[in-house]
Amino acid sequence: MQSGNREDIEKFSKWAVKVTKQHNEDCKRLSRLMGLPMIDALSEVEAQCAALCMLGKVYAVASEDVDPLTFEAP
């Protein structure tokens, strides 16, 4: 392995974060303490978010990918 590659691997591996169930629970608790409404989706979260949009309960859906578009979410 070249020296530059090893340094890159070490540098970028420090950025990697494994999200655990405890992280999720902590985020949910913090959100609730801040008064943010929250729903646990029973199945596809994108489908749940799209349904909430169609019902006028939320304005839009934000996502890292285009999956919400498959369910016609704005």
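How far is the sulfur of Cys-49 from the closest cysteine sulfur, and which residue holds that closest sulfur? Keep that in mind as you look through these close-ups of a predicted model.

**View 1. Cys-49 and Cys-53, two cysteines without a bond between their sulfurs.** Here's the reply to the opening puzzle: the closest cysteine sulfur to that of Cys-49 sits in Cys-53, 7.1 Å away, and that's too far for a bond. Turn it around and start from Cys-53, and you land back on Cys-49, again at 7.1 Å. A disulfide would need the two sulfur atoms within 2.5 Å, so the count for this model comes to zero disulfides.

**View 2. How much cover do Cys-49 and Cys-53 have?** Cys-49 is partly exposed, with a relative accessible area of 25%. Cys-53 comes in at 11%, so this one counts as buried; the cut-off for buried is under 20%.

**View 3. A nonpolar patch on the surface.** Three residues build this one: Leu-30, Met-34 and Leu-36. Together they make a patch of about 310 Å². Zoom in on Leu-30 and you'll find it in helix α2, which covers residues 21-33. Leu-30 has a relative accessible area of 49%, so call it partly exposed.

**View 4. The stretch from residue 35 to residue 74.** UniProt lists these residues as "domain: XPG-I", and the entry is an unreviewed one. In the model, the C-alpha atoms at the two ends of the stretch lie 24 Å apart. As for what the span is made of, it's 35% helix and 0% strand.

Terms used:
Residues numbered from 1 in each chain as written. Predicted model: local features only at pLDDT ≥ 70, side-chain atom pairs only at ≥ 80, totals over all residues. Heavy atoms only, no water. Patch = residues over 30% accessible without salt bridge, like charges linked within 9 Å, V, L, I, M, F, W, Y side chains within 5 Å. Areas by Shrake-Rupley, 256 points an atom, 1.4 Å probe, with all protein chains shown as cover. Salt bridge = Lys/Arg side-chain N within 4 Å of Asp/Glu carboxyl O. Helix = DSSP H or I, 4+ residues; strand = E, 2+ residues; numbered from the N terminus. Buried < 20%, exposed > 50% of the residue type's maximum accessible area, 1.4 Å probe, protein only. UniProt positions renumbered as here; feature names shortened; annotations may be inferred.
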